[in-house]
Amino acid sequence: MAQGLQLLGFDSLSFMKSCSVNITYACPACDTPIRTEFDSETSELACKHCDKKIAIANDAVVGIQVGKCLVCPSKDLFLRKDFPQRVGVALVGIGILGSSVAWYYTNLPWTFGILFATALIDVLLYTLVGDALMCYRCHSQYRGVAEMESHGQFELEIHEKYRQIEARMPAAKPHETT
Ligand SMILES: [Zn+2]
Ligand SMILES: [Zn+2]
């Protein structure tokens with residue numbers, strides 16, 4: 001069950017329980033997704049798969065505030081709701097499918113009941129989940145960090161800037177042969 005939820009991208013539930021400060025990033029050497037806790041004392045991030053180490057700059061983490069990305073290290077970070085999009089889309093799908101079936105059987109209360117119920121769950125989930133901080137450049141995600149608001153919301157202009165940088169260097173990620 002827990003694994004199934006995680007497959008849906010629902011590991012934000014564990015965040016709500018623990019409230020620890022952690023980062024999720026893709027290892028720059030082997031692309032393995034890594035999730036690890038950190039604090040201002042942490043000096044490096046290490047990949048469990050290929051042992052690639054990333055040194056953290058002294059000024060990157062102050063208290064439990066993140067000044068710049070620990071991985072790339074870019075200062076452009078943005079705030080977003082830690083809501084797994086796939087779950088939202090799945091819920092809307094279930095709502096439409098369920099209500100269509102009820103509609104087919106000309107059951108009006110169920111048709112609207114299912115639609116409203118799934119829409120309500122959608123809204124509730126959205127309100128319950130916390131915020132996450134994301135790096136424009138390397139897409140690392142930070143959870144449990146203080147004062148995320150100081151980084152601002154998603155801006156298309158900055159996203160576009162990094163997308164173009166990425167497009168210009170396709171060979172930026174060396175893959176290891178294992
Ligand atoms: Zn690695
Ligand atoms: Zn980054």
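Five helices and nine strands make up the secondary structure of this protein chain, and keep in mind that the model is predicted. If you walk along the sequence, the elements come in the order α-α-β-β-β-β-β-β-β-α-α-β-β-α.

Let's stop at one helix on the way. Helix α3 covers residues 85–104, so to speak a run of 20 residues, and its first and last C-alpha atoms are 29 Å apart. That is close to the 28 Å expected at 1.5 Å a residue. What comes after α3, and what is the sign of its phi? The residue is T106, and its phi is positive, near 45°.

Now for the way the chain is packed. Of the 178 residues in the protein chain, 16% are buried. Take the contacts with a separation of 6 or more: 58% of them are between residues 24 or more positions apart in the sequence.

Next, look at the inside. In soluble globular proteins, nonpolar side chains tend to be buried together. Here the largest nonpolar core has 19 residues. V66, L70, L77, L133, C135, Y142 and V145 are the ones with the most contacts inside this core. Two elements, β1 (22–26) and β8 (131–135), each give two or more residues to the core. The largest share comes from β8, with four residues.

L70 is a handy place to zoom in, being one of the core residues just named. Which residues does L70 touch, once you leave out those up to four places away in sequence? They are I23, F38, L45, I54, I56 and A60.

Terms used:
Residues numbered from 1 in each chain as written. Chains lettered and ligands numbered in written order. Predicted model: local features only at pLDDT ≥ 70, side-chain atom pairs only at ≥ 80, totals over all residues. Expected span 1.5 Å × (residues − 1). Buried ≥ 20, exposed ≤ 12 C-beta atoms within 10 Å, placed from the backbone. Contact = placed C-beta atoms within 7 Å. Core = buried A, V, L, I, M, F, W, Y, C linked by C-beta atoms within 7 Å.
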